[in-house]
Amino acid sequence: MAHQCAPNNPQQETEAPQPTSVLALDLGGQTGWALRQPDGTITSGTVTFKPGRFEGGGMAWLRFKHWLDEVAGFAAPLERVYFEEVRRHIGTLACQVYGGFLAHLTAWSEANGVAYQGVPVGTIKKHATGKGNASKAQVIHAMKRLGHTPADDNEADALALLHWVIAQEVEHG
């Protein structure tokens with residue numbers, strides 16, 4: 001599922017030069033993503049890479065790599081990828097899944113010459129809501145206030161991360 005909208009506050013978020021596309025990811029079993037095109041258009045959604053019943057576990061990583069290739073082709077030139085940097089996981093499986101996606105993302109980025117950077121969860125939440133420990137509902141509400149319609153907290157987190165990136169571009173030129 002994907003959603004598209006123009007920046008809510010053009011004066012605030014389009015002052016920075018936007019020569020390339022930027023992808024923001026909330027890595028996990030249900031990966032949230034937000035893509036800013038060179039013209040400022042933002043598209044977002046969620047995607048699942050879970051292997052089918054009769055497939056091996058490696059299929060999720062192959063699907064993720066192919067999806068990254070597809071997004072990079074669509075968003076050309078894709079200059080940077082940002083991901084939500086999670087430092088603490090509730091369960092072992094969540095930690096392993098995140099680590100797998102992170103390993104494949106960084107390897108894909110290196111192989112394709114795309115810069116990548118992790119941003120701590122608290123930094124993203126504080127920028128989006130004013131609170132570094134904001135709830136999922138508060139982040140979703142903050143993204144709705146900016147004119148987005150996130151389907152879930154994964155998409156909202158990716159949008160919040162993308163808006164943090166945009167704010168950094170405006171602040172640092």
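The following exercises, each with a worked solution, examine helix H2, its aromatic contacts, the strands beside it and helix H5.

The structure is a predicted model, in which local features need pLDDT of at least 70, side-chain atom pairs count only at pLDDT 80 or more, and totals for chains, interfaces and linings use all residues. Residues are numbered from 1 along each chain as its sequence is written, and side-chain values use heavy atoms, with hydrogens and water left out.

**Exercise 1. Identify the largest nonpolar core and the elements that supply it.**

Step 1. A nonpolar core is a set of buried Ala, Val, Leu, Ile, Met, Phe, Trp, Tyr and Cys residues joined through side-chain atoms within 4.5 Å. Buried means under 20% relative accessible area, exposed over 50%, and partly exposed in between (1.4 Å probe, protein chains only).

Step 2. The largest such core contains 22 residues, and Leu23, Leu25, Phe64 and Trp67 have the most contacts inside it.

Step 3. At least two residues of this core come from each of strand S2 (21-26), strand S3 (30-36), helix H2 (58-74), strand S5 (78-85) and helix H3 (92-112). Helices (H or I, at least four residues) and strands (E, at least two) are DSSP runs, numbered from the N terminus. H2 gives the largest share, six residues.

Step 4. A second core, separate from this one, has 21 residues, among them Tyr82, Val139, Ala142 and Ala158.

**Exercise 2. Compare the span of H2 with its expected value, and determine how its buried residues are arranged around the axis.**

Step 1. The expected span of a helix is 1.5 Å times one less than its number of residues. For the 17 residues of H2 this gives 24 Å, and the end C-alpha atoms are 25 Å apart, which agrees.

Step 2. The buried residues of H2 are Ala60, Phe64, Trp67, Leu68, Val71 and Ala72. Viewed down the axis, they fall within an arc of 135°, so they line one face of the helix; the arc is that of the directions from the helix axis to the C-beta atoms.

Step 3. Glu70 and Gly73, on the other side of H2, are exposed.

Step 4. Arg63 also lies in H2 and is partly exposed, with a relative accessible area of 29%. Not counting residues up to four places away in sequence, Arg63 touches Phe49, Lys50, Pro51, Gly52 and Glu55, where contact means heavy atoms within 4.5 Å.

**Exercise 3. Classify the ring pairs Trp33–Trp67 and Phe49–Phe64.**

Step 1. Rings of Phe, Tyr and Trp (its six-membered ring) pair if their centres lie within 6.5 Å; planes under 30 degrees apart count as stacked, over 60 as edge-to-face and the rest as tilted. The whole structure holds eight aromatic pairs.

Step 2. For Trp33 and Trp67, the ring centres are 6.1 Å apart and the planes stand at 65°, so the pair is edge-to-face. Trp33 belongs to strand S3 and Trp67 to helix H2, 34 residues apart, and the pair links these distant parts of the chain. Both Trp33 and Trp67 are buried.

Step 3. For Phe49 and Phe64, the centres are 5.3 Å apart and the planes at 70°, so this pair is edge-to-face. Phe49 lies in the loop between strand S4 (42-48) and H2, and Phe64 in helix H2, so the pair ties together parts that are 15 residues apart in sequence. Phe49 and Phe64 are both buried.

Step 4. Trp33, Phe49, Trp61, Phe64, Trp67 and Phe101 form one aromatic cluster.

**Exercise 4. Describe the pairing of S3 with S2 and with S4.**

Step 1. Two strands pair if DSSP finds at least two bridges between them. S2 and S3 are antiparallel over five bridges, with Asp26 opposite Gly32 in S3. Three residues separate S2 and S3 in their hairpin.

Step 2. S3 and S4 are antiparallel and joined by seven bridges, with Arg36 opposite Ile42 in S4. Their hairpin has five residues between the strands, and Gly40 in the turn has a positive phi of about 95°.

Step 3. Six of the seven residues of S3 are buried, so S3 is largely enclosed by the rest of the structure.

**Exercise 5. Locate the buried and exposed residues of helix H5.**

Step 1. In H5 (residues 136-145), Val139, Ala142 and Met143 are buried. They cover an arc of only 95° around the axis, which puts them on the same side of H5.

Step 2. Ala137 and Arg145, on the other side of H5, are exposed.

Step 3. The cover over the buried residues of H5 includes helix H4 (121-129) and helix H6 (153-172).
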